[in-house]
Amino acid sequence: MGYKIAIVGATGNVGHEMLNILAERQFPVDELAALASRKSLGTEVSFGDTTLKTQDLDTFDFTGWDIALFAVGSDATKIYAPKAAAAGCVVIDNSSLYRYDPDIPLIVPEVNPEAIHDYANKNIIANPNCSTAQMVVALKPLHDRAKIKRVVVSTYQSVSGAGKNGIDELWDQTKSIYNPTDNKPPQQFTKQIAFNVIPHIDVFMEDGTTKEEWKMIAETKKIVDTSIKVTATCVRVPVFVGHSESINIEFEDFLDEDEARDILREAPGIMVVDKREDGGYTTPIECVGDFATFISRIRQDSTVENGLNLWCVSDNLRKGAALNAVQIAELLGREVLRKG
């Protein structure tokens, strides 16, 4: 006996990835509903070898359905997630709406699987921000060994983090650079993204940080440890898929780089590619389509007493969104629902 699964936002980038990953990981699905807004009604999506037509989210009855994976914005989630939860369907939400609600668990299964039991508070589980998800997978096993005091992270985030419009803007602007008569001014981003980097993701806050940077700080504390100090600079780069992060970590106790490398090699969800030679590291292009979070450039930081530097790369549409949501569903199945 398997699960009845609803994908909310099935026609979007993350919704497509959720369908792909459910099929790839052979999640025990008895029935699957692809839901979308009325304007996308009837659009066909693929689930393994099956083609599904999208159904109208507005009129869908979640009664009798086990899990709903939400891949829509906060505005739509605010309307439909409570309806699904009230009908007895467990919501796994990819938006930012519920991440900071103390009654709703924010989960990365490799990091805080024990939080799954808190789903019953509101029948809703939150998926973290894409940039946070890959970072905490790297931080947790090191934190368990030497306790992290402070993290300084600079991100290099792909345009797919801004959705299909972000991908289209990079593509169109890149082509227009070589065609002087085809000007493509910024629309999705605040400045030209082609052949450029933009130190601005989400809105600015009063203290000068951006909302994306604030998310990384707040979510790391909620998922890993409230005592960790985090400072972040989030940058959009002209890469289609795959977020990269330069992470500097200060520990309470000394942690040798070789031991850190061994710890990370044994940690769930991580692939260490760390050779001190040309090409002995992972870049975004190489991580696309992969489930792992890749760690490279592990080295001691001699400027602080107990410091390490590392490079962290992951497919943001997978571990940063769809994969993590499916992993939460798998965890929920194993620990709570126990079907399939």
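Which residues does threonine 54 touch, not counting residues up to four places away in sequence? In this predicted model, the residues in contact with threonine 54 are Thr11, Ala34, Ala36, Ser40, Leu41, Gly42, Thr43 and Val45. Threonine 54 sits in the loop between β4 (50–53) and β5 (55–56). Its relative accessible area is 4%, so threonine 54 is buried. One of its neighbours can be described in further detail: the side chain of threonine 54 reaches the backbone nitrogen of glycine 42 at 3.0 Å.

## Two pairs of packed helices

Two packed helices are described by the angle between their axes and the distance between the axes. The table gives these values for two pairs.

| Helix pair | Angle | Axis distance |
|---|---|---|
| α1 (residues 13–24) and α8 (residues 318–337) | about 50° | 9 Å |
| α3 (residues 130–146) and α5 (residues 211–223) | about 40° | 9 Å |

Consider α1 and α8, which pack at an angle of about 50°. That angle makes α1 oblique to α8. The crossing of α1 past α8 is right-handed. On the α1 side, the residues that meet α8 are Val14, Glu17, Met18, Asn20, Ile21, Leu22 and Glu24, and on the α8 side they are Arg318, Ala321, Ala322, Leu323, Ala325 and Val326. Sorted by class, this contact of α1 with α8 has nine nonpolar, one polar and three charged residues.

For α3 and α5, the angle is about 40°. An angle under 35 degrees would count as roughly parallel, and 65 to 115 as roughly perpendicular. The helices α3 and α5 are therefore oblique to each other. Here, too, there is a right-handed crossing, with α3 passing α5. From α3, the residues Ser131, Thr132, Met135, Val136 and Leu139 take part, and they meet Glu212, Lys215, Met216, Glu219, Thr220 and Ile223 of α5. By class, the contact of α3 with α5 has five nonpolar, three polar and three charged residues.

## Aspartate 202 and the start of α5

Lys215, one of the α5 residues that meet α3, also has a contact with a loop residue. Aspartate 202 lies in the loop between α4 (164–177) and α5. Which residues does aspartate 202 touch, not counting residues up to four places away in sequence? They are Thr210, Lys211, Glu212 and Lys215. With lysine 215, the side chain of aspartate 202 makes a polar contact of 3.1 Å. Is aspartate 202 buried, exposed or partly exposed? Its relative accessible area is 34%, so aspartate 202 is partly exposed. As for a residue elsewhere in the chain, the C-alpha atoms of aspartate 202 and aspartate 49 are separated by 37 Å, and the two residues are 153 apart along the chain.

## Two residues with positive phi

Most residues other than glycine have a negative phi. Asparagine 123 has a positive value, with phi near 65°. Phenylalanine 195 also has a positive value, with phi near 55°.

Asparagine 123 is placed in the loop between β7 (90–93) and β8 (124–126). Phenylalanine 195 is in the loop between α4 and α5. Is each of them buried or exposed? Asparagine 123 has 15% relative accessibility, so it counts as buried. Phenylalanine 195 has a relative accessible area of 55%, so it is exposed.

## Valine 235 and isoleucine 263

Valine 235 belongs to strand β10 (residues 229–236). Because its relative accessibility is 15%, valine 235 counts as buried. How far apart in space are valine 235 and isoleucine 198, C-alpha to C-alpha? The distance is 5.5 Å, while in sequence the two residues are 37 apart. Isoleucine 198 is also among the contacts of valine 235; leaving aside neighbours within four places in sequence, the full list is Thr155, Tyr156, Gln157, Val197, Ile198, Pro199 and Ile201.

Isoleucine 263 has its place in helix α6 (residues 257–266). Not counting residues up to four places away in sequence, isoleucine 263 touches Pro141, Leu142, Arg145 and Leu255. Isoleucine 263 and tyrosine 178 are 85 residues apart along the chain, and their C-alpha atoms are separated by 47 Å.

Terms used:
Residues are numbered from 1 along each chain as its sequence is written. This is a predicted model: local features need pLDDT of at least 70, side-chain atom pairs count only at pLDDT 80 or more; totals for chains, interfaces and linings use all residues. Side-chain values use heavy atoms; hydrogens and water are left out. Axes are lines fitted to C-alpha atoms, for helices over the stretch in contact, and angles run from 0 to 180 degrees between N-to-C directions. Helices (H or I, at least four residues) and strands (E, at least two) are DSSP runs, numbered from the N terminus. Angles under 35 degrees count as roughly parallel, over 145 as roughly antiparallel, 65 to 115 as roughly perpendicular and the rest as oblique. A crossing is left-handed if the near helix is turned anticlockwise from the far one by less than a right angle, and right-handed if clockwise. Contact means heavy atoms within 4.5 Å. Ala, Val, Leu, Ile, Met, Phe, Trp, Tyr, Cys and Pro count as nonpolar, Asp, Glu, Lys and Arg as charged, and the others, Gly among them, as polar. Buried means under 20% relative accessible area, exposed over 50%, partly exposed in between (1.4 Å probe, protein chains only). A polar contact is a pair of N or O atoms within 3.5 Å; within protein, one must be able to donate a hydrogen and the other to accept it, and residues adjacent in sequence count only if both atoms are side-chain atoms.
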